[in-house]
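The following report describes one protein chain, with attention to strand pairing, burial and a few individual residues. Please keep the sequence and the structure in view while reading.

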Amino acid sequence: MRAVRALSAAALLLGLVATPAAADSSPSAGPSGDGDAPTTAGTSFRTATEIEQGRRATANAAAGDYLYWSFPADAGQRPTVRATVRLPETHAAQTWQVDVYDGLRRRQACQWGAQTRTAAADASSVELACVLRTVRAWSEPWANDPLPGTYYVRLTALDLPTSDLGARVGAEIEVGSKDMGGAAAVDGSLSEPLVPGVAMASGADEDGEDRGAVLSAIEPEDGWSSGWWSDRWVWTGIGGVLAALAGVGGYALTRGSGRPSRVPPGA
């Protein structure tokens, strides 16, 4: 009976430890509605329009412009940037490209996705995608690894023919990410995220002048984790529980049935 009670307690502990893993392993998602989604884009890194993960942003622009957005990404996330460009009815063949930069303005390579695409003369739109590498909690100074902080998206057309310069286009962009869990965890973390967001303040100050670029408060929905938690903690707990179960089982098998009833207590 003692062995059964020990096994029951261990199973309960295993369930309590595994619960955070189930909650933490789901893909991260921001707001799903588009009611407050941005409808403009910046024209430089300093004027990049902030967007939240999971929310679609739109913008009207002229072909040849550089369009910029920014979004936060935390350790353990693998961001995916998707962009759609609505082209005018009449246009020549156009090549569009989406680039992603980190808070240090370092261009980040795409693991996969159509980062550059050419739209034929009769195409009404072109779709682009860029799946980044998993964001690390920390990295060596000489490395180019993605780190927690603000990321910038730049969308533009390449080598446009003169006839299409200035033509009106519409752009849509959406950023999502997948939580990679303990497989991407590293021992270490940044004390602060890279550039916690730079945005253009709307309105004017007391003197009637535009307030310009300011540090913003945009961050992941649950705050910056800085890589302190991962499901490696869960698997460590599960390993400890399994070791305890093995010890209890081994003891139950080797202890025997106790003193035979025919042997007196003092023998």
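## Strand E5 and its partners

Tyr101 lies opposite Tyr152 of strand E10. Both belong to a predicted model, in which local features need pLDDT of at least 70 and side-chain atom pairs count only at pLDDT 80 or more, while totals for chains, interfaces and linings use all residues. Residues are numbered from 1 along each chain as its sequence is written, and side-chain values use heavy atoms, with hydrogens and water left out.

Strand E5 (residues 94-101) is joined to E10 by seven bridges, and the two run antiparallel. Strands are DSSP runs of E with at least two residues, helices are runs of H or I with at least four, and both are numbered from the N terminus. Two strands count as paired if DSSP finds at least two bridges between them. Thr95 faces Leu158 in E10, and its bridge partner in strand E8 is Thr118. E8 (residues 116-119) pairs with E5 over four bridges, again in the antiparallel sense. A further antiparallel partner of E5 is strand E6 (residues 107-108), with two bridges; here Val100 has Gln108 as its bridge partner.

Seven of the eight residues of E5 are buried, so this strand is largely enclosed by the rest of the structure. Buried means under 20% relative accessible area, exposed means over 50%, and partly exposed lies in between (1.4 Å probe, protein chains only). Strand E10 (residues 149-158) is mostly covered as well, with nine of its 10 residues buried. E10 also pairs with strand E3 (residues 67-73) through seven bridges in the antiparallel sense, and Arg154 of E10 is the bridge partner of Tyr68.

## The five-stranded sheet

An open sheet is formed by five strands in the order E2-E11-E4-E9-E7, with antiparallel pairing. At its edges are strand E2 (57-62) and strand E7 (110-112), each of which pairs on one side only. Neighbouring strands of this sheet are turned by 35 degrees against each other on average, direction ignored; the axes behind this angle are lines fitted to C-alpha atoms, for helices over the stretch in contact, and angles run from 0 to 180 degrees between N-to-C directions. Six bridges connect E2 with strand E11 (residues 168-179), and these two run antiparallel. Within that pair, Ala57 has Ile173 as its bridge partner.

## Nonpolar cores

The largest nonpolar core comprises 34 residues, and those with the most contacts inside it are Trp69, Phe71, Val81, Trp96 and Leu155. Such a core is a set of buried Ala, Val, Leu, Ile, Met, Phe, Trp, Tyr and Cys residues joined through side-chain atoms within 4.5 Å. At least two residues of this core come from each of E2, E3, strand E4 (77-86), E5, strand E9 (125-132), E10 and E11. Apart from this core lies another, of five residues, among them Phe45, Ala48, Tyr68 and Tyr101.

Contact means heavy atoms within 4.5 Å. Not counting residues up to four places away in sequence, Val81 touches residues including Phe71, Val98, Val100, Leu128, Val153 and Ile173.

## Three loop residues

Most residues other than glycine have a negative phi. Two residues of this chain are not glycine yet have a positive phi: Arg105, at about 65 degrees, and Asp159, at about 50 degrees. Arg105 belongs to the hairpin of E5 and E6, which has five residues between the strands. The table places these two residues and Asp122 in their loops.

| Residue | Loop between | Relative accessibility | State |
|---|---|---|---|
| Arg105 | E5 and E6 | 41% | partly exposed |
| Asp122 | E8 and E9 | 71% | exposed |
| Asp159 | E10 and E11 | 79% | exposed |

The C-alpha atoms of Asp122 and Ala93 are separated by 8.1 Å, although these residues are 29 residues apart along the chain.

## The chain as a whole

The protein chain contains two helices and 13 strands. Of its 267 residues, 40% are buried. Among contacts between residues at least 6 apart in sequence, 70% join residues at least 24 apart.

Mean pLDDT (the predictor's confidence in each residue, from 0 to 100) is 79 for the protein chain, and 72% of the residues reach 70 or more. Over residues 1-33, pLDDT stays under 50. Where pLDDT is low, the predicted coordinates should not be read in detail.
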